[in-house]
Amino acid sequence: YMVVPPERTVEAVVSTQSTGDMTRDKLCSLVRKWQTLIEANVDVKTTDGYLLRVFCFGFTKRVSKQVKKTAYAQSSQIRAIRKKMVDIMTKEVATEDLKSLVNKLIPDSIGKDIEKECTDIYPLHDVHIRKVKVLKKPKFDASKLMDIHGEMGGATDENGEIVAVAGEFVEPVIQESV
């Protein structure tokens, strides 16, 4: 996924994700002739208040002993698959917060669920979440933002200074003489 960050501020380098998109070369490598491309999108609100537009796509697949060269789905099958895609995406995204949703998008488990559910309508392959757009963000809360980036931000001491976490790079102290 290619991540497009939101506006940058001088005070805070830590930000939330604005858009996640699949790269163009990956998309182009999946598109072939003799199959049907099925796309769907849905607007879903997460448990932590983000309104997301989730885009999904998949391709029809030839079955193992198929003689016919093409694997085209009928329009009624396409509508049924698209409806099932929307239902699964809504169910998966609405029950998660943004941080756990990103962890769910990385192994593409939502695409695998759609692929399994739609096999009785028409067999699919290469089902992926293509893009996730953030349409509305909840009101800015610095403590929630630091919870999201807790592992990356490190711990703070009593003065509010960032202290290195175990395994994190620590800048060596400059010595007066060698």
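Biologist: Where does Trp34 lie with respect to helix 1 and strand 3?

Modeller: Trp34 sits in the loop that joins helix 1 (24–30) to strand 3, and, since everything we discuss rests on a predicted model, each statement should be read as a description of that model. At 37% relative accessibility Trp34 counts as partly exposed, because that value falls in between the 20% below which a residue is buried and the 50% above which a residue is exposed. Beyond its neighbours within four places in sequence, Trp34 is in contact with Lys69, Thr70, Ala71 and Tyr72.

Biologist: How far apart are Trp34 and Thr60 in sequence and in space?

Modeller: They are separated by 26 residues in sequence and by 9.1 Å in space, taken from C-alpha to C-alpha. Thr60 belongs to strand 4 (residues 51–60) and is buried, with a relative accessibility of 1%. Its side chain reaches the backbone oxygen of Ala71 at 2.4 Å, and Ala71 is also one of the residues in contact with Trp34. Apart from residues within four places in sequence, the contacts of Thr60 include Gln35, Thr36, Ile38, Ala73, Tyr122, Pro123, Leu124 and His125.

Biologist: How should I place these details in the whole chain, and which pattern do the helices and strands follow along the sequence?

Modeller: The protein has six helices and seven strands, and in sequence order they read β-β-α-β-β-α-α-α-β-α-α-β-β. Of its 178 residues, 33% count as buried, and the accessible surface comes to about 12100 Å², of which 55% belongs to carbon and sulfur atoms. Among contacts with a separation of 6 or more, 68% are between residues 24 or more positions apart.

Biologist: Turning to the strands, which side chains of strand 3 point to the buried face, and which to the other?

Modeller: The general idea is that side chains in a regular strand alternate between the two faces of the sheet. In strand 3 (residues 37–45), Ile38, Ala40, Val42 and Val44 point to one face and are buried, whereas Leu37, Glu39, Asn41, Asp43 and Lys45 point to the other face and are not buried.

Biologist: In which sense do strand 3 and strand 4 pair, and over how many bridges?

Modeller: Their pairing is antiparallel and runs over nine bridges. Within it, Leu37 has Phe59 of strand 4 as its bridge partner, while Asn41 stands opposite Phe55. The hairpin formed by strand 3 and strand 4 has five residues between the strands, and there Gly49 takes a positive phi near 100°.

Biologist: What does strand 4 do on its pairing with strand 5, and how many of its residues are buried?

Modeller: Strand 4 and strand 5 (124–136) also pair in the antiparallel sense, over nine bridges, and Leu52 is matched there with Val134 of strand 5. Eight of the ten residues of strand 4 are buried, so this strand is largely enclosed by the rest of the structure.

Biologist: For a helix, I would look at where the buried residues fall around the axis; which residues of helix 4 are buried?

Modeller: In helix 4 (residues 109–117) they are Ile110, Gly111 and Ile114. Viewed down the axis, these buried residues fall within an arc of 100°, so they line one face of helix 4. Their cover includes strand 4, helix 2 (75–94), helix 3 (98–105) and strand 5.

Biologist: Which residues of helix 3 are buried?

Modeller: Leu98, Leu101, Lys104 and Leu105 are the buried residues of helix 3. They cover an arc of only 115° around the axis, which puts them on the same side of helix 3, and they pack against strand 4, helix 2, helix 4 and strand 5.

Biologist: Is Glu92 buried or exposed?

Modeller: Glu92, a residue of helix 2, is buried, with a relative accessible area of 12%. Not counting residues up to four places away in sequence, Glu92 touches Lys104, Ile110 and Asp113.

Biologist: Finally, which residues of the largest nonpolar core touch the most other members?

Modeller: Of the 28 residues in that core, these are Leu52, Val54, Met89, Ile110, Ile114 and Ile129. Strand 3, strand 4, helix 2, helix 3, helix 4 and strand 5 each supply at least two residues of the core, and helix 2 gives the most, with six residues.

Note on methods:
Residues are numbered from 1 along each chain as its sequence is written. This is a predicted model: local features need pLDDT of at least 70, side-chain atom pairs count only at pLDDT 80 or more; totals for chains, interfaces and linings use all residues. Side-chain values use heavy atoms; hydrogens and water are left out. Helices (H or I, at least four residues) and strands (E, at least two) are DSSP runs, numbered from the N terminus. Buried means under 20% relative accessible area, exposed over 50%, partly exposed in between (1.4 Å probe, protein chains only). Contact means heavy atoms within 4.5 Å. Accessible areas come from the Shrake-Rupley method with a 1.4 Å probe; for residues, only the protein chains shown count as cover. A polar contact is a pair of N or O atoms within 3.5 Å; within protein, one must be able to donate a hydrogen and the other to accept it, and residues adjacent in sequence count only if both atoms are side-chain atoms. The arc is that of the directions from the helix axis to the C-beta atoms. Two strands pair if DSSP finds at least two bridges between them. A nonpolar core is a set of buried Ala, Val, Leu, Ile, Met, Phe, Trp, Tyr and Cys residues joined through side-chain atoms within 4.5 Å.
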